[in-house]
Amino acid sequence: THSWRPIPACSGSMASKAAPGKDQTETILAENLIWKENVPYLYESLINYKLSESATSVQWLPRGFPSQNSLDHIVVGSCYDEEKEKTGSKLEVFSVEIKEHAVTTKTAERPESTNSHLDKKRRVIASKHLHLELRLSVKFPVSRVRSSPLLGAKTNGSLVAVKSASNAEVLIYLLKKAENTTASQFSLTAYDVTSLKGHEEGGRALAWNHLSAGSLVSGSMDCNLCNWDTLAQRQPKSTPKSIYKGHQAEVLDAAWQTNKANVFASCSRDKTVRVWDSRQKKESHKIEKAHDAAVNSISWNPLGEYLLASGSDDKTVALWDMRNLDGKLFSLDHLKPVTCVAFSPTNETILASASEDRRVVLWDITKVAANSHLSSGGNKGSQSITRDSDGPEELSFVHGGHTDSICDISWHREDIGLMATLAKNCHLHIWKPALKHQGTLYNQNRLKKESKR
């Protein structure tokens with residue numbers, strides 16, 4: 001029996017195999033060249049943007065920020081540039097503009113930073129343009145930046161949380177439209193910054209509540225989790241509502257359940273995954289040995305309240321049913337440690353995973369069970385996957401454009417299939433698979449709209 005591992009190139013027969021003894025850098029460049037040649041056939045849209053700072057984290061801001069603005073925006077956090085110490089750490093906000101135009105297939109070239117969707121007569125190119133709208137200095141290196149999914153009258157803008165591995169504070173920024181300016185401009189004033197003090201050490205775990213505005217949970221190297229009400233009208237504002245103790249090593253990630261305002265999960269270097277009710281001090285569920293190494297990332301399914309995904313340094317992605325934790329439902333492999341996992345917010349069957357193997361893989365989890373022969377695995381109740389072929393149907397898409405380890409990913413909350421991915425070499429990719437390659441990403445409403453065009 002065997003479990004499938006992500007292919008070294010983009011998809012299918014495009015895989016490239018390194019010759020024995022071939023330099024790794026040359027291999028990466030060769031694979032990237034193959035990817036570039038096939039970009040027009042794989043993507044509906046794509047941009048490859050080289051950031052000027054040592055970027056570490058990225059996330060989409062909620063659509064509608066700032067108000068009456070049709071553009072989308074992303075926020076990027078960076079750490080110190082060791083070669084340019086004066087640069088310091090930054091928060092940067094970019095607007096993303098989408099423009100469509102058609103060209104004939106005979107004259108169209110295959111651009112590196114634009115994408116495509118092909119038919120027999122013409123190529124429709126959706127170009128995404130990034131414009132730097134705001135750059136803020138941050139007093140410590142940024143390890144994680146997360147924006148609240150909720151926009152409300154209380155904030156009149158977007159709340160952004162910033163965490164650092166070298167500082168115990170959590171900073172909260174309120175980004176909002178500047179007065180007497182155009183829709184794409186921003187302002188940030190001193191009173192819009194709040195410092196949350198409750199941890200003893202730095203870290204990177206941050207998660208905003210999807211249902212309760214201003215509710216934030218953070219985790220750190222002190223092994224603790226803090227639950228904050230960032231909109232509370234009490235003094236001092238930085239005092240956490242609750243502190244949760246239980247992990248035996250650094251908390252690496254946290255995630256609120258999308259349909260229950262009081263439930264969140266956390267994962268840690270202690271190899272465990274824990275689920276908490278924010279009204280209680282002790283975890284409600286605990287997966288003692290979720291993985292064989294540190295658990296870096298977790299994500300709740302947007303509709304399946306009991307389904308949780310985790311990604312680990314043991315190179316696997318695990319799926320869990322919280323109603324039966326005797327063993328994982330199944331696992332999926334990468335070639336190197338898994339850095340991020342994230343369910344699509346617009347399609348509960350699609351799971352994205354990113355890794356130090358430079359790949360972002362989109363999985364259709366419904367096809368894992370439907371097309372795999374499942375047999376009992378190591379732990380009681382767990383399952384291992386065996387296959388009759390090397391072409392797994394659950395593999396929906398592989399984004400193979402990065403040339404370095406992936407450090408963060410972010411799904412757009414409304415634009416189906418649109419994703420931002422960030423690599424350690426500071427290359428930011430914003431991309432959407434072509435519809436012809438990625439039917440499972442699109443719901444029936446989208447398919448009907450496409451058919452009417």
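Here is a short conversation about the predicted model shown above.

Visitor: Glad to be here! How many helices and strands are in the protein?

Guide: Welcome! Residues are numbered from 1 along each chain as its sequence is written, and side-chain values use heavy atoms, without hydrogens and water. As the model is predicted, local features need pLDDT of at least 70 and side-chain atom pairs pLDDT 80 or more, while totals for chains, interfaces and linings use all residues. Helices (H or I, at least four residues) and strands (E, at least two) are DSSP runs, numbered from the N terminus. By that count the protein has 3 helices and 32 strands.

Visitor: Which strands stand at the edges of the open sheet β24-β25-β26-β29?

Guide: Its 4 strands pair in the antiparallel sense, where pairing takes at least two DSSP bridges between two strands. An edge strand here has a single partner, so one side is left without a neighbour in the sheet. That describes β24 (338-343) and β29 (395-399).

Visitor: Which residue in β25 stands opposite Val338?

Guide: β24 and β25 (residues 350-355) are antiparallel partners over 5 bridges. Opposite Val338 in β25 stands Ser355.

Visitor: Is Arg358 buried or exposed?

Guide: Arg358 sits in the loop between β25 and β26 (360-364), and its phi is near 75°, a positive value in a residue other than glycine. Most residues other than glycine have a negative phi. Buried means under 20% relative accessible area, exposed over 50% and partly exposed in between, with a 1.4 Å probe and protein chains only. Because its relative accessibility is 11%, Arg358 counts as buried.
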